[in-house]
Amino acid sequence: MSSTSRTDASRTETGRTDTGKTEAGKTEAGRTEAGEERDELRTADLGEAGERLSTAPKDDVGDTPGAAGPAGGPVLGVIGWLRWFWRQLTSMRVALILLFLLSLGAIPGSLIPQNSVNDLKVQDFKAEHETLAPIYDKLQLFDVYSSVWFSAIYILLFVSLIGCIVPRSWQFVGQLRSRPPGAPGRLTRLPAYTTWRTEAAPEQVREAAGRLLAKRRFRAHTVGDAVAAEKGYLREAGNLVFHIALIVMLVAFAVGQLLKSEGGKLMVEGTGFSNTLTQYDDFKSGSLFSTDELAPFSISLDEFTGTYEKTGPQRGTPRTFRADVTYSQGDGKDHKAAIEVNKPLVIDGTKVYLLSHGYAPVVTVKDGRGKVVFNGAVPLLPIDDKVSSTGAIKVMDGYRDKDGKRDQLGFAAFFVPTYGGKGSGQMFSQFPGLEFPVLNVGAYHGSLGVDSGLPQNVYQLDTRKMTPFKDADGNVLKKSLLPGETLELPDGAGSITFEKEVKEWASFQISQQPGNGWALGGAIAAIAGLAASLFIQRRRVWVRARTGEDGVTVVEMAALGRSESAKLPEELADLAATLHAAMPTAETPTAATPDPPGVEKAGGAESNEDSVNSADTVDTSAEGAEK
Amino acid sequence: MTLAAATNENLASISNVLIYSAMAVYTLAFLAHIAEWVFGSRSKVGRTAAALTTDAGPAAKTAAGPVVQTRAGGAAVLERPKVITRSAAGQRDVPDGPGAHGGTEKGDLYGRIAVSLTVLAFLIQAAGVLARALSVQRAPWGNMYEFSITFSTVAVGAYLGFLAAKKNIRWMGLLLVATVLADLGIATTWLYTESDQLVPALHSYWLWIHVSTAIFCGAVFYLGAVGTLLYLFRDSYEAKLARGGSPGRFASSVLERLPSAASLDKFAYRVNAAVFPLWTFTIIAGAIWAGDAWGRYWGWDAKEVWSFITWVAYAAYLHARATAGWKGRKAACLALVAFACWLFNYYGVNLFVNSLHGYAGV
Ligand code: HEM
């Protein structure tokens with residue numbers, strides 16, 4: 001295209017102009033590409049003046065490779081096809097389609113449970129939908145956002161984006177280094193136009209116009225009999241920054257995913273944790289993560305505070321959760337801190353989040369001889385909003401039965417912080433706060449199965465190799481204990497006491513994800529670029545001054561924007577008024593209708609007057625000058 | 001403590017009374033708008049048809065050639081040179097309709113009454129939202145009821161803002177007031193939640209930032225969507241006229257009074273484009289908040305996914321406008337799809353999809 005532009009420009013300069021679209025078409029006949037015609041419709045009457053007002057790729061993608069092929073011929077080599085493919089991929093139309101696909105593709109992930117979000121829900125779903133689940137599995141619908149097809153869409157989009165940005169950036173640099181194109185032959189064809197006659201000499205007018213435009217921060221220079229000026233390059237820059245920022249964000253996100261680590265740790269009040277792999281309850285990391293990257297620190301939970309709405313319809317709704325902790329880094333000094341739901345603690349780039357909380361009743365287990373074999377807080381897992389909790393109390397070593405034989409004890413525990421009272425008919429908690437704690441235990445002995453080598457859930461009692469203690473009726477021995485109460489096991493097998501103390505526990509997520517800073521920086525750049533790209537208008541102004549047939553100077557001013565906006569004529573009017581003040585209208589006895597040189601009399605005088613009468617500033621319809 | 005609780009309950013019931021009063025006044029405004037349209041229909045405007053049929057269409061206009069403005073009469077003339085604007089080739093050159101009142105005085109009077117009532121209702125509603133905020137002593141965006149009443153307040157506020165800035169937007173009045181009534185009706189009947197404080201996960205100054213911008217974006221996107229919808233109707237009406245067809249009487253009467261398709265399109269585009277960066281910001285603010293609250297800034301939670309979908313849909317719309325062959329009706333359809341995504345994100349995700357953001361309170 002550039003070679004055509006050059007010709008157009010020179011033609012314009014000499015003022016002979018009115019670039020015929022046929023002419024341009026002819027010169028380029030051999031190389032004309034499909035779609036260019038459409039383009040020419042736009043630029044036909046403006047010549048180069050309407051060109052390069054943006055760096056958006058032209059929609060010159062042929063529908064068949066033949067049309068866009070290097071030689072335009074029917075036979076295409078591999079290279080031709082590749083080029084065709086690349087052109088397709090980097091066209092606006094395909095970018096549009098990919099964007100559309102991306103949003104369509106994101107939908108199923110919001111409606112079908114996702115492994116990455118909640119794998120328990122996925123299990124439930126699979127259990128419920130036996131025929132559907134395998135199909136979904138095949139289509140990777142449980143892992144939409146890491147699926148092959150979703151990745152394919154966004155990778156194509158980003159390849160397209162890069163393929164689009166690189167040439168656009170070069171083009172933009174070129175535009176910055178070149179100067180605004182000369183005035184088109186007929187300024188009257190531009191979306192905003194004004195003219196008057198003045199006694200000042202054409203050179204004076206041009207000089208004044210150049211100064212005025214430069215003062216308004218236009219890039220202005222004189223081409224032939226007209227000053228050409230342009231402003232608003234920041235729009236293009238903003239647009240490029242926005243698209244580049246998208247890439248930065250994507251890369252930052254990807255790097256973060258690869259290098260991140262994330263682990264969970266449950267701590268009962270009074271206990272601690274040091275940041276090494278073995279101490280985590282569970283740990284996940286990106287594929288490029290290595291354990292040396294764990295920040296060295298230790299932390300302990302001093303106290304957990306939870307408060308709840310006491311009255312009203314929302315009784316029981318949590319109001320505050322706060323974990324008071326003490327932590328120390330490499331230097332060994334202790335620091336105090338509080339972690340709340342929205343306020344993670346940041347230690348050396350690692351964030352410690354408060355995730356959940358629960359109760360840990362303190363129990364004491366004695367054997368038949370009265371020797372304490374277990375004493376401690378047992379964290380139990382909440383199963384509802386009111387913190388009804390379940391768990392297991394396991395006594396692994398040290399216990400001997402009444403015959404002195406080694407054995408293991410296990411208790412299935414159920415705990416409610418606020419019991420509804422005997423009459424309430426059920427054991428579930430009535431309120432999440434500690435108001436009327438009751439611990440129900442069911443007692444077993446035998447092998448806990450801990451040594452079998454299989455991973456075992458600490459919160460569950462595996463009773464397969466255990467024998468329940470029996471009550472008088474032959475049922476599993478169970479008892480609800482109030483604080484301070486004790487359940488005696490039959491036949492002098494020992495006892496379990498619910499001490500008058502219930503501790504709380506809090507679980508934390510400890511995560512480290514590099515690249516967050518980049519993601520945030522990218523996001524900010526994206527917004528700034530977007531704002532520049534959407535709010536700044538790129539526009540050109542031309543001021544032509546030449547001597548009319550009667551020797552009086554005719555000044556013509558016209559403006560062209562990338563998208564037509566009401567601001568454009570306003571700005572032109574303002575510029576014209578300023579220039580007009582310095583170069584006032586010449587005194588002429590009659591209202592002549594001068595035909596500026598080079599303008600053909602297409603409309604004739606009649607239509608001129610018409611328009612003058614009917615149209616003062618007519619508001620124009622949508623983005624006309626845009627291609 | 002109990003004293004404070006009592007004041008709060010008082011404020012909450014004051015808020016309820018205010019919201020109901022606002023609904024009553026909106027109903028009056030609705031009726032006044034109806035009157036405006038009815039009286040307006042009695043005028044014979046017919047401008048659009050005239051412009052499209054007598055003028056032989058856009059071709060003639062383009063061929064009209066150079067329009068040169070000259071200044072007549074002596075040195076005394078020092079006024080500004082007049083700027084002549086010209087629309088691009090291939091565009092219908094149609095004047096805007098006169099508005100709902102159709103140029104009739106009576107219609108105009110009722111229209112003005114409707115706008116005044118809307119202002120009044122807006123003030124009452126805003127007071128209702130404020131009372132609610134005071135009663136809960138936090139931003140009034142903790143559940144869907146509060147979100148809904150704030151949402152329509154902001155939408156009406158934006159509309160009145162446009163009117164105050166002398167933008168031609170009164171044509172939207174009837175539709176806007178009707179939807180505001182529907183929104184408030186849904187809010188008070190189905191979404192009502194007793195005034196109360198927030199769960200800890202919502203305690204954050206990001207609530208102020210993220211949710212307020214989200215509500216604002218939604219409200220203004222809504223105005224854009226109304227513009228887009230009317231554009232589609234008006235555009236097919238103009239196209240039909242240009243083809244020499246004759247639209248039905250009702251359609252003519254209503255559509256003729258709207259602004260031209262080009263103006264509606266431009267309005268919708270400007271609104272959407274202006275809000276898009278703010279919507280981008282909203283999502284990023286949400287991500288930052290999620291980073292603080294849940295330990296990850298992006299986790300593909302349903303609400304996040306739908307914000308993303310909405311964002312991509314609007315981006316597609318903006319792209320479409322820059323792509324030949326996609327401007328106009330196709331792009332408009334994309335804009336409507338994008339707004340539908342926004343709506344689904346608000347109602348659909350809160351009510352039907354299990355999400356971490358599930359604080360609908362219903
Ligand atoms: C990651 C996906 C993308 C997103 C979210 C996106 C978003 C946007 C947005 C919001 C705009 C509007 C700004 C404006 O009108 O100035 C825009 C403009 C633009 N985009 Fe993209 N874009 C993406 C990918 C692409 C790709 C792949 C291309 C290249 C084919 C591209 C080329 C353009 C161009 C040329 C403009 C300027 C259009 C104009 O000046 O009116 N974009 N983009």
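A polar contact is a pair of N or O atoms within 3.5 Å. That cut-off helps in reading the surroundings of the ligand in this predicted model. An oxygen atom of the ligand is placed 2.4 Å from an N or O atom in the side chain of A:S533, and that distance falls within the 3.5 Å limit. Two histidines also bring polar side-chain atoms to the ligand. For A:H243, an N or O atom of the side chain is 2.8 Å from a nitrogen atom of the ligand. For B:H319, a polar side-chain atom is 2.5 Å from a nitrogen atom of the ligand. Several elements give two or more residues to the shell around the ligand: in chain A these are α6 (92-111), α9 (148-177), α11 and α12 (516-535), and in chain B the element is α10.

The wider setting of the ligand can be described next. The ligand lies between chains A and B. Its surroundings comprise 27 residues, and the closest are A:C164, A:H243, A:S533, A:R562 and B:H319.

The two histidines return at the metal. The iron atom of the ligand is coordinated by the NE2 atoms of A:H243 and B:H319, at 1.9 to 2.0 Å. Because A:H243 lies in helix α11 of chain A (residues 233-259) and B:H319 in helix α10 of chain B (residues 302-322), this pair joins two chains. The site has 6 donor atoms, with angles of 79 to 179 degrees among them, and is octahedral. Both histidines fall below the 20% relative accessible area that marks a buried residue: A:H243 has a value of 9%, and B:H319 one of 18%.

Turning to chain B as a whole, its secondary structure consists of 11 helices and 1 strand. Followed along the sequence, the order is α-α-α-β-α-α-α-α-α-α-α-α, with the strand coming after three helices. Chain B has 362 residues, of which 58% count as buried. Among contacts in chain B with a separation of 6 or more, 83% are between residues 24 or more positions apart. The accessible surface of chain B amounts to about 14,500 Å², and carbon and sulfur atoms account for 67% of that area.

Two residues in strands of chain A offer a look at local surroundings. A:H357 belongs to strand β11 (residues 350-366) and is buried, at a relative accessible area of 10%. Its side chain makes a polar contact of 3.2 Å with the side chain of A:Y308. With residues up to four places away in sequence set aside, A:H357 touches A:F304, A:Y308, A:F321, A:P382, A:E504, A:W505 and A:A506. A:Y308 thus appears both as the polar partner of A:H357 and in its list of contacts.

A:F414 is part of strand β15 of chain A (residues 408-416). This phenylalanine is also buried, with a relative accessible area of 16%. Apart from neighbours within four places in sequence, A:F414 is in contact with A:I383, A:S388, A:S389, A:T390, A:M427, A:F428, A:V438, A:L439 and A:N440. Another position can be added to this picture: A:G391 is 23 residues from A:F414 along the chain, and the C-alpha atoms of the two are 6.5 Å apart.

Definitions and conventions
Residues are numbered from 1 along each chain as its sequence is written. Chains are lettered from A and ligands numbered from 1 in the order in which they are written. This is a predicted model: local features need pLDDT of at least 70, side-chain atom pairs count only at pLDDT 80 or more; totals for chains, interfaces and linings use all residues. Side-chain values use heavy atoms; hydrogens and water are left out. Helices (H or I, at least four residues) and strands (E, at least two) are DSSP runs, numbered from the N terminus. Buried means under 20% relative accessible area, exposed over 50%, partly exposed in between (1.4 Å probe, protein chains only). Contact means heavy atoms within 4.5 Å. Accessible areas come from the Shrake-Rupley method with a 1.4 Å probe; for residues, only the protein chains shown count as cover. Donors are N, O and S atoms within 2.8 Å of the metal (3.2 Å for Na, K and Ca); water is not among the atoms, so sites may look incomplete. Four donors count as tetrahedral if all angles lie between 85 and 135 degrees; four count as square planar and six as octahedral if opposite donors are over 155 degrees apart and all others between 65 and 115; anything else is irregular. A residue is near a molecule or strand if one of its heavy atoms lies within 4 Å of it. A polar contact is a pair of N or O atoms within 3.5 Å; within protein, one must be able to donate a hydrogen and the other to accept it, and residues adjacent in sequence count only if both atoms are side-chain atoms.
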